[in-house]
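Student: I should like to learn how to read individual features of a protein model. Could we proceed feature by feature, with the general idea placed before the particular case?

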Amino acid sequence: MAQPKIGVLVMSYGTPESMEDVKEYYTHIRRGNPPSEEQLADLTGRYEAIVGGFFPLRKNTDNQVAGLQATLDRLAPDCYVCYQGLKHAKPYIEDGVKQMREDGITEAVGIVLAPHYSTMSVGSYIKRAKETADSVGIRMKFVEEYHLHPKLVEALTVRVIDGIGKLGSEPSANDVKVLFSAHSLPERIVQMKDPYPEQLLATSKAVAEAAGVQDWEFTWQSAGRTHEPWLGPDILDTLQAISGAGAKKVLGAPIGFVSDHLEVLYDLDIEAKAEADKLGMQFERIEMLNTDPLYMEVLADSVIGANAK
């Protein structure tokens, strides 16, 4: 009799599937509070600005789950089966766990499509998955972070070197300012001694060293619009600062994200590029990981490692 497979819950933030779903999606993000007409128009406008409202994150996430499944099938044949669980869209994290149980899964591993751990991000995904898994009788282990996995550093390093090349330079020339970035979180995580900022700096340093980049810094982006302060400086402010210091070529390296979606296609490709143009600087961005084979191996290695513990 064949051994039951290990379930793999692949978790991510989620995105609406169509323009009609934006309000429901935004309401879920706001914990059941519908957005104002102004807030809804702003978010809808941002989606419309990226390829006419096409929703790349959903497709990219589906492809990443399929890519991870294919990689696990190659590295550990007939051992794992992947499911998807989203934080703010269907299938929700709870849906993914319950589907595993309906399919007879009793042991599983959860992994988030985000390399860096924070109690407010990855920790919240894990909490929801664990609570549901416990309630339906699934023993679930979790990958908490993989921010210094050698293959992740390698994949990002290649992208940084290629991005510098697009600006007509070489890393050794040091005439390109590399701005590593990630999604901001509320400042209170600092008092909580949350590892998120430290892990992001560790990845930035590892990639810069591997790429031979000396002129780099870390900045934040995509802060939420709430009353509490968020981590900064924001990338738009950083662009102004480095322009004042004489920077002419800038490479955006959003290492906190793993696929093309709103925070990349709008916040960087539209907003940050417009700001750089206004300041008279060239701005390019590294290609996202998406389904890069090295990234798929990072995820697969992490899942197999967590299951072995």
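The dialogue below takes up ring pairs, strands, helices, cysteines and backbone geometry in turn.

Tutor: Please keep in mind throughout that this is a predicted model.

Student: How many aromatic pairs does the structure hold?

Tutor: Ring pairs are read from the distance between ring centres and the angle between ring planes. The structure holds four such pairs. In one of them, the rings of tyrosine 146 and tyrosine 295 have centres 6.3 Å apart and planes at 40 degrees, so this pair is tilted.

Student: Which parts of the chain does the pair of tyrosine 146 and tyrosine 295 tie together?

Tutor: Tyrosine 146 lies in the loop between β4 (139–142) and α6 (150–166), while tyrosine 295 belongs to helix α12 (residues 293–308), so the pair ties together parts that are 149 residues apart in sequence. Both tyrosine 146 and tyrosine 295 are buried.

Student: How are the rings of phenylalanine 180 and tryptophan 216 arranged?

Tutor: Their centres are 5.5 Å apart and their planes stand at 80 degrees, so the pair is edge-to-face. Phenylalanine 180 sits in strand β5 (residues 177–183) and tryptophan 216 in strand β6 (residues 216–221), so parts 36 residues apart in sequence are tied together. Phenylalanine 180 counts as buried, at 0% relative accessibility, whereas tryptophan 216 is partly exposed, with a relative accessible area of 26%. Elsewhere, ring pairs link Tyr196, Phe218 and Trp220 into a cluster.

Student: How should I read a strand, and which residues of β7 point one way and which the other?

Tutor: In a regular strand, side chains alternate between the two faces of the sheet. In β7, Lys249, Leu251 and Ala253 point one way, Val250 and Gly252 point the other way, and all are buried. Strand β7 (residues 249–253) is accordingly described as mostly covered, with five of its five residues buried.

Student: Which strands pair with β7?

Tutor: Four bridges join β5 to β7, and these two strands run parallel. Phenylalanine 180, met above in a ring pair, has alanine 253 as its bridge partner in β7. Strand β8 (residues 282–285) also pairs with β7 in the parallel sense, over four bridges. There, the bridge partner of glycine 252 is arginine 285 in β8.

Student: Let us turn to helices. What span should α8 have?

Tutor: The expected span follows from a rise of 1.5 Å a residue; for the 16 residues of helix α8 (residues 196–211) it is 22 Å, and the end C-alpha atoms are 23 Å apart, which agrees. The same reading applied to α6 gives an expected 24 Å for 17 residues, against 25 Å between its end C-alpha atoms, which agrees.

Student: Where do the buried residues of α8 fall when seen down its axis?

Tutor: An α-helix has 3.6 residues a turn, so residues three or four places apart point the same way. The buried residues of α8 are Tyr196, Gln199, Leu200, Thr203, Ser204, Val207, Ala208 and Ala211. Seen down the axis of α8, they fall within an arc of 165 degrees, so they line one face of the helix. On the other side of α8, Glu198 and Glu209 are exposed.

Student: What covers the buried residues of α8, and what covers those of α6?

Tutor: The cover of α8 includes α6, β5, α7 (188–191) and β6. For α6, whose buried residues include Leu152, Val153 and Ile164, the cover includes β5, α8, β7 and α12.

Student: How many disulfides does the structure hold?

Tutor: A disulfide requires two cysteine sulfur atoms within 2.5 Å. The structure holds zero disulfides. For cysteine 79, the nearest cysteine sulfur is that of cysteine 82, 12 Å away. Cysteine 79 counts as partly exposed, at 34% relative accessibility, whereas cysteine 82 is buried, with a relative accessible area of 14%.

Student: Finally, which peptide bonds are cis, and where is a positive phi found?

Tutor: Omega and phi describe the backbone. The bond from lysine 90 to proline 91 is cis, with omega near -5 degrees, and the bond from glycine 232 to proline 233 is cis, with omega near 10 degrees. Asparagine 174, in the loop between α6 and β5, has a positive phi of about 55 degrees although it is not a glycine. Serine 222, in the loop between β6 and α9, likewise has a positive phi, of about 60 degrees. Serine 222 is buried, with a relative accessible area of 13%, while asparagine 174 counts as partly exposed at 30% relative accessibility.

Notes: Residues numbered from 1 in each chain as written. Predicted model: local features only at pLDDT ≥ 70, side-chain atom pairs only at ≥ 80, totals over all residues. Heavy atoms only, no water. Phe/Tyr/Trp six-rings, centres within 6.5 Å; stacked < 30°, edge-to-face > 60°. Buried < 20%, exposed > 50% of the residue type's maximum accessible area, 1.4 Å probe, protein only. Pairing = 2+ DSSP bridges. Expected span 1.5 Å × (residues − 1). Arc of directions from axis to C-beta. Contact = heavy atoms within 4.5 Å.
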